[in-house]
There are 2 protein chains.
Amino acid sequence: MTDALVDVCAALGDQTRWSILTALGEGDASASALATRLPVSRQAIAKHLAILERVGLVEPVRAGRELRYRVLGSELSATARRLEAVGAAWDRRLAAIKEIAEDM
Amino acid sequence: MTDALVDVCAALGDQTRWSILTALGEGDASASALATRLPVSRQAIAKHLAILERVGLVEPVRAGRELRYRVLGSELSATARRLEAVGAAWDRRLAAIKEIAEDM
DNA sequence: GCCATGTGCAACCATATGATTGCACTCGAC
DNA sequence: GTCGAGTGCAATCATATGGTTGCACATGGC
């Protein structure tokens, strides 16, 4: 029942996952390759990659026996737009209230 | 050392907090008022509100002895813009790679 | 003044989560 | 074929997190 938007936000709510994402932002990489750069074990990274893949922020790419991951900006942009829409709605409400207050 | 963006995303990565935020989107409300609508205790809601306030998604408003909370679209929009910027950068990289591939 | 309502604080609990280690398996390179 | 690098799976662990109950405190309305 949990919305996809919530899941994406939850996936983005972890420092290590952001480290992985920014690392992937510089180029596709495998879990093992990432483990050499980041201060966590390969298995921990693999779990994070699985989470990121489930919410669509990352995509697996086979390269020989290596399993590289590619970061997907489209999903992040889509999430951003959804958040923007919600934020805009809240702001409209606030603006309306402010207007009413000024009319009194 | 954790970035503010990560904290906001983490705050948004919880279903109950979204329930609170959408409820507040319809009008300011206190923790007690929210507790009557949502299936969690007032204290749980108070904790969530504290988290939301720390990341700037919500703002306390005194109303007599009541402490109401107001949802802030500005912070959500700011977060959305930051995510959008990152997603766009990733997409630019992918597009560049695709172009190189086509040149071969 | 009294009482009910709204808050705040603290202890506590169960589960989720981030991380680790160890081992087995696969597959490409030499 | 052998070896090593990359991967997958499982068990384990510590801590964070969401949630609860209970109680003390303030504060506004009658």
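How much area do chain B and chain A bury between them? Select both chains to begin: together they bury about 2,900 Å², and 69% of that is on carbon and sulfur atoms. Buried area here is the accessible area, taken with a 1.4 Å probe, that two parts lose on being put together, summed over both.

A word on the model before going on. It is a predicted one, in which local features need pLDDT of at least 70 and side-chain atom pairs count only at pLDDT 80 or more, while totals for chains, interfaces and linings use all residues. Residues are numbered from 1 along each chain as its sequence is written, chains are lettered from A and ligands numbered from 1 in the order in which they are written, and side-chain values use heavy atoms, with hydrogens and water left out.

**Stop 1: the protein interface**

Show the residues in contact (heavy atoms within 4.5 Å): chain B gives 36 residues and chain A gives 36 residues. Now pick B:Leu83, B:Trp90 and B:Arg93, which supply 24% of the area that chain B buries against chain A, more than any other three residues.

Next, zoom in on B:Asp28 and A:Arg93. They form a salt bridge (a side-chain nitrogen of Lys or Arg within 4 Å of a carboxyl oxygen of Asp or Glu), with the closest N and O atoms 2.8 Å apart. The rule finds two salt bridges across this interface.

Colour chain B by helices (H or I, at least four residues) and strands (E, at least two), which are DSSP runs numbered from the N terminus. On the side that touches chain A, α1 (4-12), α2 (15-25), β3 (66-71) and α5 (73-103) of chain B each supply at least two residues. Of the elements, α5(B) gives the most, with 15 residues.

**Stop 2: DNA strand D**

Select the residues near DNA strand D (one heavy atom within 4 Å). There are 19 of them, and the closest are A:Ser32, A:Arg65, A:Leu67, B:Lys47 and B:His48. Of the strand D atoms within 4 Å of the protein, 47% belong to sugar or phosphate and the rest to bases.

Try three distances here. A side-chain N or O atom of A:Arg42 is 2.7 Å from a base oxygen of strand D. For the side chain of B:Lys47, the distance from an N or O atom to a base oxygen is 2.5 Å. At B:His48, a polar side-chain atom lies 2.3 Å from a phosphate oxygen.

Finish by highlighting α4(B), the source of the largest share of this surface, four residues.

Terms used:
Polar contact = N/O pair within 3.5 Å; in protein donor to acceptor, adjacent residues only side chain to side chain.
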